[in-house]
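Reader: I'm new to this structure and would love a close look at its salt bridges. Could you take me through them?

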Amino acid sequence: MQWVKVVGLGLGATALLGLGIILGHFAIPKGAEQPSSSTSAPQDLDLETLKTVMGQLDAGRIQENLRELSRQPHLASSPRDEALVQLLLQRWGDRESGLDLARTVEYEVLLSFPSPEKPNLVDVVDPNGTVQHSYLPKEENVTGEQAGPDVVQPYAAYAPPGTPKGLLVYANHGTEDDFKYLRDQGIDLQGTIALTRYGVAGRGAKAVNAARHGVAGVLVYTDPGDINDGRSLPNETFPYSWGLPPSGVERGSYQEYFGDPVTPYLPAHPSSFRLNWDNVSGVPPIPAQPISFQHAQDLLCNLGGLLAPTSWQGALDCEYYLGPGFKKDGKFTTNSQVQVSVYNHLELRNSSNVLGIIRGAVEPDRYVVYGNHRDSWVHGAVDPSSGTAVLLEVSRVLGTLLKTGTWRPRRSIVFASWGAEEFGLIGSTEFTEEFFSKLQERMVAYINVDISVFANATLRGQGTPPVQNVIFSAAKEISSPGPSGLSIYDNWIQYTNRTSPVYGLIPSMGTLGAGSDYAPFVHFLGISSMDIAYTYDRSKTSARIYPTYHTAFDTLEYVEKFVDPDFSSHQAVARMAGSVLLRLSDSFFLPLKVSDYSETLQSFLKAAQQDLGALLEQHSISLGPLVTAVEKFEAAATGLGQRISDLQKGSPDPLQVRMVNDQLMLLERAFLNPRAFPEEHYYSHVLWAPRTGSVATFPGLANACSRATNTNIGSEEWAEVHRQLSIVVAALEGAAATLRPVDDL
C-alpha cells in the first residue's frame, strides 16, 4: 500500500539531536545552579517539602487543565495535538513554575486513518446486491460535541481497506476458542462476516483469530451488559447517566504489538529502515469495523441458526443466536448478507514526545520518569487528559519550588508527554528504542498516570512487586477523598485486598500488561514501573472500563457530571503521583523492596508444582532446579534487605548507598531474556510476558506446557517446555546474583 508522507524530514533529526544532549549530559541553561558532582551530599527525602507539595496540589487547577486539554479533539498528529505540544512546552518553560529544560523529539511513524471522503459503512444486501439497510458508524450529537469536523468517525486503526460480503455469524468475544466452538457446531465460517463484542480478546486478536478460520470481515460492538450494567435506553445513558449512549462506538488500534509497526526495535527516524507493509505482523489481515450496540442489536436480534450458549448472551433486548444468516420472519430476508466497506488508509506522520526535565542535585545520572500520553481518539477528557491534567499540576508545583530555589531533587526527574499512544504505545516505545542503553543503565523507575480517574471510589495501584512498598507508603500518608477520614490506603483495603504471608491483610496490587505506556519500560527495558488511578467500586458495577471509553462522549461534561464532580479524586491521584515521585527522586535509599518479589515467585512455583509437576515428570522434566533458583533469589533478597537495614542504622558512605541502590534499580533487568519469546515483539521479561496457558505460573512455562499437551514424548513441543523452564531458572539465578554483594563473584 502507498504511504502518504505528510510532514518533512528535517525537524525530527534536529529534535532527536537535542534529546540526545538532554539525556546524555543534562545541558544546563544560563544562570542555572550547577548540580553537585559529589555523591557525598547527605540529601534525603525532606518531609516538610513533601508536606508542602501535598498541600499545594490544587483540584481547581486540575479541572482547568482538563478544560483546556479536552476542549477540542486531539487525534495523534492533528493540528490540535501539535497545539498541545506547544502548550506543554510553554508550561514547562514558564519563568515562575517551569522546569530546567523542555524539549520535543519527533518520530516519523505510520498511522492509520479513515477516508474523509468515503466513510466506512455496514450494509445488509439481498442476493441481487440491493441494499436493504445501511449502518453508518456515527455517534448521535447529544451534547453538541459529537459532530464537529475534527471528530474522527469510528474506525479500526490498521484494519485494511476492503468490501467483504458474507453471511453474518455471532462469535462472542472473537477468541480462538470462540471460533473453534462455532466450527464444532458445524458452522462453515469460510467467507462469513463475524459479529464480535469487545472484551476478553484484544481488538486486533479478534480479526487475526477470525481470519485464521476463513472469516472475511469482522464487526465489533460494545455490549451494554459489559459496560453499562445492562442499561441501553437513551434516557438511561449519557447525558442522563454515565452509561454509553446506544450510538456510542469504541474506536481503537487493532495492531497487536506496540511501537511503530514498520520500524520494530528501531527508532522511527526518517532514515530508518522500514518494513514493507505486507511483511508487518500483528495487524488485522481482514477488514474490521467497530459499530454501536444500537446497530449491533438490529443485526444480532435478527440472526437465525442455533441459540448461542448462556455465557455468550448479553444485554441487548433479544436472545442471541449464532447464525449464519438471518432468521425467517425477521427484518431481513434469510439469504441476505452483510457487507463491510472499509476505506482506511496509511500515512507517514510526524508525532512528538514532549520532555520536561529537572536535573538532580546529587545524582543527575539517575532518572525517575513520570509520563502519560497526550493524544486521544476524540476529546479524551478521561483518556488520557485526566492523567495529563494531573501531570501538569504536579509539574507546576515542583517547578514553582524549583524556581524559588527551595528544592531540587537528589535524582533527575523527567516528565514525559508521549505521542501517538492510541495507535499502539508508539511515542513511548520509540523513546525506549532510541535510548535503550542509556535508560537501562540509568533509569530508576517509571510512573504512569494515564486515565487518572475511572471513577471515584478507591485507588487502583498496578506495578512490578518492588514498587508496592513506595505506593503503600504514599497511600498511608494521604487522606482519601470524601468524609470518611480514612487514608487512601485504609480506603483501598476496604475495596480490594488480599492476605499476604508477610504483611497480613493488604490492598491488592495489580500487575502490568500492555494497556498503556508502561509496557515498553517493563517488557522491553526491565524498569520497575507502576500505574496509578482512581477507580470504581467493583461490587456496584461489572463494567470492564468506564462506559464512554474511546467515544465522542468522553468529554469534560461527562467528567464533571458523573466521574469526579469536585475533582477530589483527581487531586488524590496527583498527591499519590507526587508523593511517589518525590520518594523515588529524593530518598537517600531507593524505596524499592525487592523481597516483595518472593510472594510472586512462590505463587508461580506452587502453581507449577501442583498443576504441572506430575505432567512434567512423565516427560523427565524436573522442577528441582526451579525450586533451588527461587530459594537462591529469596536468600539474596533477604541478604540485600539486611545490608540496607545495617547501612541505615549508621552514617553510610554514599558510595555504598549508591551501590545497593543500583542493585535495587537493576533487579528488573535481570529478568529479561530477549530470546525467550521470539514470537512476541518486545516481550522479554520472563515473569510478565503474556500468558496464554491456563496455569497461573511463569508465562513461558505455562504457554509451552499448554502447546505440548497431547503431543508425543520427545516432541519439539516438550523440548520447548524444557527450554522455557531453563530460561526461568537462569533468570532467577541471574537476579539472585544481582542482589548479592557486588564483590561476590
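To start with one residue, is E68 buried or exposed, or partly exposed?

Author: Happy to help! This is a predicted model, where local features need pLDDT of at least 70 and side-chain atom pairs count only at pLDDT 80 or more, while totals for chains, interfaces and linings use all residues. Residues are numbered from 1 along each chain as its sequence is written, and side-chain values use heavy atoms, with hydrogens and water left out.

E68 is partly exposed, at 27% relative accessible area (buried means under 20%, exposed over 50%, partly exposed in between, with a 1.4 Å probe and protein chains only). Its side chain meets that of R71 in a salt bridge, 3.1 Å from N to O; the term means a side-chain nitrogen of Lys or Arg within 4 Å of a carboxyl oxygen of Asp or Glu. R71 is partly exposed too, with 44% relative accessibility.

By this rule there are 27 salt bridges. In one of them, D531 pairs with R460, their closest N and O atoms 2.9 Å apart. D531 sits in strand β20 (residues 529-535) and R460 in strand β17 (residues 458-463), so this pair ties together parts 71 residues apart in sequence. Strands (E, at least two residues) and helices (H or I, at least four) are DSSP runs numbered from the N terminus. D531 is buried at 3%, whereas R460 is partly exposed at 26%.

Next come R498 and E599, whose side chains form a salt bridge of 2.7 Å, N to O. R498 belongs to strand β18 (residues 497-500) and E599 to helix α17 (residues 597-611), so the pair joins parts 101 residues apart in sequence.

Finally, a network of salt bridges links E363, D365, R366, R410, R411, R658 and D662.
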